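Biologist: Before I use these labels, I would like to hear the grounds for each of them. Please put up the model and take my questions in turn.

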Amino acid sequence: MGTKIFVNLPVESLDRAVGFFTKLGYTFNPQFTDANATCMVISEDIYAMLLVKPYFKGFIKKEVADATKTTQVIIALTVDSRAAVDSLLEKALAAGAKESKEKMDQGFMYQRSFEDLDGHQWESFWMDPSAVQPQQ
């Protein structure tokens with residue numbers, strides 16, 4: 001089994017978060033879903049665990065950050081085209097997200113950013129594969 005990533009994010013309302021991300025086209029694994037948490041499937045190897053704040057607090061010793069006031073991480077996901085970058089942002093805005101910064105267009109790389117309903121910052125980006133140098 002290869003390495004998989006599970007990003008854990010605190011949310012105010014699980015139903016509200018699931019509704020938001022469903023509108024963006026994501027699905028959820030019912031096997032890892034209950035009243036406190038759900039497993040959002042981003043890809044075959046990438047998942048976001050959405051946990052209500054009191055439940056999230058049980059896994060840490062520090063306070064839960066208010067993502068509407070501070071940013072600790074940016075969740076950046078690749079997509080297959082510039083159009084897919086714009087499409088994801090449009091879906092997010094229609095579902096209640098806020099665009100968090102202006103688009104970045106460097107020709108070989110194109111990126112858009114938004115804050116979800118709980119303030120977590122997400123970015124989608126496309127990079128021209130021919131611009132990526134092979135590792136040596």
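Modeller: The model is predicted. In it, β6 and strand β7 (residues 109-115) pair in the antiparallel sense over 5 bridges.

Biologist: What makes β6 and β7 a pair?

Modeller: Two strands pair if there are at least two bridges between them. β6 and β7 have 5 bridges, so the pairing criterion is met. As for individual positions, E99 stands opposite F114 in β7, and M104 has Q111 of β7 as its bridge partner.

Biologist: How many residues lie between β6 and β7 in their hairpin?

Modeller: There are 3 residues between the two strands, and G107 in the turn has a positive phi of about 80°.

Biologist: How do you know that β7 and β8 pair, and in which sense?

Modeller: The cut-off is again at least two bridges. β7 and β8 share 7 bridges, and the sense is antiparallel; the label of a pair therefore applies. One of the positions is M109, whose bridge partner in β8 is M127. These strands also form a hairpin, with 5 residues between them, and G119 in its turn has a positive phi of about 95°.

Biologist: Which strands make up the sheet, and in what order?

Modeller: The open sheet has 4 strands in the order β5-β8-β7-β6, with mixed pairing.

Biologist: Why are β5 and β6 called edge strands?

Modeller: β5 (74-78) and β6 (98-105) each pair on one side only, and these are the edge strands. Neighbouring strands of the sheet are turned by 15° against each other on average, direction ignored.

Biologist: What makes β7 mostly covered?

Modeller: A residue is buried when its relative accessible area is under 20%. In β7, 6 of the 7 residues are buried. Helix α3 (residues 82-94) lies across β6, β7 and β8 (121-127), and runs at about 10° to β7.

Biologist: Is A83 in that helix buried or exposed, and why?

Modeller: A83 lies in helix α3. Its relative accessible area is 53%, and exposed means over 50%, so A83 is exposed. The C-alpha atoms of A83 and Q72 are 28 Å apart in space, although these residues are 11 apart in sequence.

Biologist: Why is V41 called partly exposed?

Modeller: V41 is found in strand β3 (residues 37-41). Partly exposed covers the range between the cut-offs of 20% and 50%. The value for V41 is 24%, so V41 counts as partly exposed.

Biologist: Which residues does V41 contact beyond its neighbours in sequence?

Modeller: Leaving aside neighbours within four places, V41 is in contact with Y26, T27, N29, I46 and Y47. Contact requires heavy atoms within 4.5 Å. For V41 and N29, 12 residues apart along the chain, the C-alpha separation is 6.8 Å. That last value is between C-alpha atoms, whereas the contact cut-off refers to heavy atoms.

Biologist: What makes an empty space a cavity, and how many cavities of 30 Å³ or more are there?

Modeller: In a cavity a 1.4 Å probe fits but cannot get out. The structure holds 1 cavity of 30 Å³ or more. The largest cavity encloses about 40 Å³. Its lining consists of L9, V11, A17, F21, L50, D116, L117, D118 and H120. Two elements, β1 (5-11) and α1 (14-23), give two or more residues to this lining. By class the lining has 6 nonpolar, 1 polar and 2 charged residues.

Biologist: What is the volume of the largest pocket, and what lines this pocket?

Modeller: A pocket, unlike a cavity, is an open set of points. The largest pocket holds about 450 Å³. It is lined by 19 residues, and the closest to its centre are P10, F56, A65, Q72 and V73. β1 provides the largest share of the lining, 4 residues. The classes are 10 nonpolar, 7 polar and 2 charged residues.

Biologist: How many charged residues line the second largest pocket?

Modeller: None; the lining divides into 7 nonpolar, 2 polar and no charged residues. The second largest pocket has a volume of about 230 Å³. Its lining includes Y26, I42, S43 and I46. β5 and α3 are the elements that give two or more residues to the lining of this pocket.

Note on methods
Residues numbered from 1 in each chain as written. Predicted model: local features only at pLDDT ≥ 70, side-chain atom pairs only at ≥ 80, totals over all residues. Heavy atoms only, no water. Axes fitted to C-alpha atoms, helices over the stretch in contact; angles between N-to-C directions. Buried < 20%, exposed > 50% of the residue type's maximum accessible area, 1.4 Å probe, protein only. 1 Å grid on protein atoms, 1.4 Å probe; cavity = no way out; pocket = protein on both sides within 12 Å on 5 of 7 lines; lining within 4 Å. Points joined across faces, edges and corners; volume = space filled by probe spheres on them. Nonpolar A, V, L, I, M, F, W, Y, C, P; charged D, E, K, R; others polar.
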